[in-house]
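I opened a new notebook page for this structure. These are my entries, in the order I looked things up.

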Amino acid sequence: MSGLAILVTTIDTDEAARMLARAALEAKLAACVQIAPVVSHYVWKGELCEAREFQLQMKHLAADYAALAALVRRLHSYETPEILRIDVADADPAYAAWIAAAAQRG
């Protein structure tokens, strides 16, 4: 196990996605955040829905997942935001070291 993970979430606007990315990076809970436009199809409260959203992939230390998820929950506008943790089985050592260095706090 690499000790790295990716938190995935979606949000409704580019501005909100950028705000979440900045907050995670400034708190040093993520080393890199990628934002991509997506079209989501889902069932919400018994209704079929389709929405344009922005997906964020936040690369972070697995040990920081709880704090990063709490930050996303606190700043997110959705009643039930998508918050998924994907553990990274292996990573290039130089990339893993960069994430660890970027997450150094205090």
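**Entry 1: helix H1.** I started with helix H1, residues 14–26. I note that this is a predicted model. H1 has 13 residues and reaches 18 Å from its first C-alpha to its last. That is close to the 18 Å expected at 1.5 Å a residue.

Next I asked which residues of H1 are buried. I found Ala-16, Ala-17, Leu-20, Ala-21, Ala-23 and Ala-24. I then looked down the axis of H1: the buried residues fall within an arc of 165°, so they line one face of the helix. On the other side of H1, I found Glu-15 and Glu-26 exposed.

What do the buried residues of H1 pack against? I listed E1, E2, E3 and helix H2 (65–75). Just after H1, I noted Lys-28, with a positive phi of about 60°.

**Entry 2: the hairpin.** I moved on to strands E2 (residues 32–44) and E3 (residues 47–61). They run antiparallel, and 13 bridges join them. I picked one bridge to follow: His-41 has Glu-50 in E3 as its partner. E2 and E3 form a hairpin, with two residues between them. In the turn I found Lys-45, with a positive phi of about 55°.

**Entry 3: Arg-52.** I stayed on strand E3 and selected Arg-52. Is Arg-52 buried or exposed? Its relative accessibility is 69%, and the cut-off for exposed is over 50%, so Arg-52 counts as exposed. Leaving aside neighbours within four places in sequence, I found Arg-52 in contact with Asp-12, Val-38 and Val-39. I also checked Arg-52 against Ala-69: they are 17 residues apart in sequence and 22 Å apart in space, C-alpha to C-alpha.

**Entry 4: Thr-9.** I turned to strand E1, residues 4–11, and picked Thr-9. Its relative accessibility is 0%, so Thr-9 counts as buried. What does the side chain of Thr-9 reach? I traced it to the backbone oxygen of Glu-82, at 2.5 Å. Glu-82 is also on the contact list of Thr-9, which leaves aside neighbours within four places in sequence. The others on that list are Leu-20, Phe-54, Gln-55, Leu-56, Val-72 and His-76. I had already met Leu-20 among the buried residues of H1.

**Entry 5: Tyr-65.** I looked for Tyr-65 and found it in helix H2. Tyr-65 and Ile-6 are 59 residues apart along the chain, yet their C-alpha atoms are separated by 8.6 Å. Not counting residues up to four places away in sequence, Tyr-65 touches Leu-7, His-60, Ile-83 and Arg-85.

**Entry 6: the cores.** Last, I looked at the largest nonpolar core, which has 19 residues. Which of them touch the most other members? I noted Leu-7, Leu-56 and Met-58. The elements that give two or more residues to this core are E1, H1, E3 and H2. H1 gives the most, with six residues.

I then listed the contacts of Leu-7, again leaving aside neighbours within four places in sequence. Among them are Leu-56 and Met-58. Tyr-65 is there too, along with Gln-57, His-60, Leu-68, Ala-69, Val-72, Ile-83 and Leu-84. I closed the page with a second, separate core of seven residues. It includes Leu-4, Val-8, Ala-96 and Ile-99.

Conventions. Residues are numbered from 1 along each chain as its sequence is written. This is a predicted model: local features need pLDDT of at least 70, side-chain atom pairs count only at pLDDT 80 or more; totals for chains, interfaces and linings use all residues. Side-chain values use heavy atoms; hydrogens and water are left out. Two strands pair if DSSP finds at least two bridges between them. Helices (H or I, at least four residues) and strands (E, at least two) are DSSP runs, numbered from the N terminus. Buried means under 20% relative accessible area, exposed over 50%, partly exposed in between (1.4 Å probe, protein chains only). A polar contact is a pair of N or O atoms within 3.5 Å; within protein, one must be able to donate a hydrogen and the other to accept it, and residues adjacent in sequence count only if both atoms are side-chain atoms. Contact means heavy atoms within 4.5 Å. The expected span of a helix is 1.5 Å times one less than its number of residues. The arc is that of the directions from the helix axis to the C-beta atoms. A nonpolar core is a set of buried Ala, Val, Leu, Ile, Met, Phe, Trp, Tyr and Cys residues joined through side-chain atoms within 4.5 Å.
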